[in-house]
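Below are notes on a single model, set out as numbered points for checking against the coordinates.

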Amino acid sequence: MSANDHLWMARALQLARKGLYSTHPNPRVGCVIVKDGELVGEGWHVRAGEPHAEVHALRQAGERAAGATAYVTLEPCSHHGRTPPCAEALAKAGVGRVVAAMQDPNPQVAGRGLELLRSSGIEVASGVLESEARALNPGFIKRMETGLPYLRAKLAMSLDGRTAMASGESQWITGPDARAEVQHLRAQSSVVLTGADTVLMDNARLTVRAAELRLDDELSALALQWQPLRVLVDGRLRVPLDAPFFSAGPALVVSNSEDQAARYQSAGHELLALPGEAGRVDLRRLLHELAKRDVNEVLLEAGPRLAGAFAALGLIDEYQLFVAAKFLGSSARPLLDLPLDRMSEARELQIKDIRAVGDDWKITATPSV
């Protein structure tokens, strides 16, 4: 692969990132078409059901696509879904070469798109900036490979690792810049998942709020065209239907019993029974259920009990930790309800990024393998 291949793929990835808030449940994909060293067409997938990135780029390139090189951040699709196969569109346009950042993990594609292009006499290459391409679609990739969505846990804490006062008071630990970052996380997620304690203590709605989103006009408009599905884990149905959470729009409530399903349905919500051990909701089954509903990325915004339960089961893929420069004291609530007795039981993390967000800090970390 040449330096130019990396350069043009970087542009395709830049375009793909424009779909960060709008392509659900599809992957974010960008495409550029280059001929004789000149960019002749580019595009990105905006939302499901609409043309894919390759189609936008081919339309822009027109007849100049013949003999050109197409750089795509994900293997062109080869199957008929809501849109025709992009591999066929590239072949019909007469492109001479296709460079893909990575193979599509979707079993319906999984190399078939590249093979279709090869059989059409098109030179094919893949693996250019693959790690960057995979990082752009962690939820889609994990869902296709494992049948589970990608779970991010957003946690806000003080320097002494506390999330709320003993009374439950927690607004606000962090400042407005950190809260804007959380809005970005919500907007890019398929689901925002929370527990009864958080909803009851904070009167939480857990919606994407336009006033705090702080995106440019194009991305903000896309992000606000839909709200992620809000999922409430409430095993004993403690949250009343007149709570602000339910007035903010339709929600999925996960409980131990579906006895009151009709009552929730009449109020515009869905009740799902997933009973687990000791009277608790089966969290692993919940994630499998969400994946069946084409959920790619889940943002967990919950208190120490529910967050700790997910952590104990090893279900959290990534931690987004917002740290405020303050102490809440030893009687305040901990970050996770995760009882450990020995140092050998400690959960190790790999810190991927640390950066200042206003007066606070954001730490991105993943569990060590």
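The points below take up helix packing, one enclosed helix, several individual residues and some backbone geometry.

1. Status of the model. This is a predicted model, and every value below should be read with that in mind.

2. H2 against H3. Helix H2, residues 53-61, packs on helix H3, residues 86-93, at an angle of about 20 degrees, and the two axes are 9 Å apart. With angles under 35 degrees counted as roughly parallel, H2 and H3 are therefore roughly parallel to each other. The crossing in which H2 passes H3 is left-handed. On the H2 side the contact is made by Glu-54, Val-55 and Leu-58, and on the H3 side by Cys-86, Ala-89, Leu-90 and Ala-93. By class, six of these contact residues are nonpolar, none is polar and one is charged.

3. H3 against H4. H3 also packs on H4, again with an angle of about 20 degrees and axes 9 Å apart. That makes H3 roughly parallel to H4. Here the crossing is right-handed, whereas H2 passes H3 in a left-handed one. Ala-87, Glu-88, Leu-90 and Ala-91 of H3 meet Gly-113, Leu-116 and Leu-117 of H4. The residues of this contact comprise five nonpolar, one polar and one charged. Leu-90 of H3 takes part in the contact with H4 and also in the contact with H2.

4. Helix H7. How far apart are the end C-alpha atoms of H7, and what span should its 12 residues have at 1.5 Å a residue? The helix covers residues 176-187; the expected span is 16 Å and the end C-alpha atoms are 17 Å apart, which agrees. Nine of the 12 residues of H7 are buried, so the helix is largely enclosed by the rest of the structure. The buried set consists of Ala-178, Arg-179, Ala-180, Val-182, Gln-183, His-184, Leu-185, Arg-186 and Ala-187. The two arginines in that list, Arg-179 and Arg-186, are charged residues that are nevertheless buried in H7.

5. Thr-69. Thr-69 is part of strand E3, residues 69-72. Its relative accessible area is 14%; the cut-off for buried is under 20%, so Thr-69 counts as buried. Leaving out residues up to four places away in sequence, Thr-69 touches Val-32, Ile-33, Val-34, Arg-97 and Val-99. Strand E1 spans 30-35 and strand E4 spans 97-100, which places these contacts of Thr-69 in the numbering of those two strands.

6. Val-109. Is Val-109 buried or exposed? Val-109 is buried, with a relative accessible area of 0%, although it sits in a loop, between strand E4 and helix H4 (112-119). From Val-109 to Ala-196 the separation is 87 residues in sequence and 40 Å in space, C-alpha to C-alpha.

7. Pro-334. Strand E14, residues 333-334, contains Pro-334. Pro-334 is partly exposed, at a relative accessible area of 37%. Its C-alpha lies 8.9 Å from that of Asp-160, with their positions 174 residues apart in sequence. Beyond neighbours within four places, Pro-334 is in contact with Gly-161, Arg-162, Thr-163 and Pro-304.

8. Pro-250. Pro-250 occupies the loop between helix H11 (244-247) and strand E10 (251-255). Pro-250 is exposed, with a relative accessible area of 62%. Its contacts, apart from residues up to four places away in sequence, are Arg-230, Gly-268 and His-269. The C-alpha atoms of Pro-250 and His-269 are separated by 5.1 Å, and the two residues are 19 apart along the chain.

9. Backbone geometry. Most residues other than glycine have a negative phi, and most peptide bonds are trans. The bond from His-24 to Pro-25 is cis, with omega near 0 degrees. Pro-25 is in the loop between helix H1 (3-16) and strand E1. Asn-203 has a positive phi of about 50 degrees without being a glycine, and Leu-206 likewise has a positive phi, near 60 degrees. The loop between helix H8 (196-202) and helix H9 (210-213) holds Asn-203, and Leu-206 lies in the loop between H8 and H9 too. Leu-206 is buried, with a relative accessible area of 5%.

Conventions. Residues are numbered from 1 along each chain as its sequence is written. This is a predicted model: local features need pLDDT of at least 70, side-chain atom pairs count only at pLDDT 80 or more; totals for chains, interfaces and linings use all residues. Side-chain values use heavy atoms; hydrogens and water are left out. Helices (H or I, at least four residues) and strands (E, at least two) are DSSP runs, numbered from the N terminus. The expected span of a helix is 1.5 Å times one less than its number of residues. Buried means under 20% relative accessible area, exposed over 50%, partly exposed in between (1.4 Å probe, protein chains only). Axes are lines fitted to C-alpha atoms, for helices over the stretch in contact, and angles run from 0 to 180 degrees between N-to-C directions. Angles under 35 degrees count as roughly parallel, over 145 as roughly antiparallel, 65 to 115 as roughly perpendicular and the rest as oblique. A crossing is left-handed if the near helix is turned anticlockwise from the far one by less than a right angle, and right-handed if clockwise. Contact means heavy atoms within 4.5 Å.
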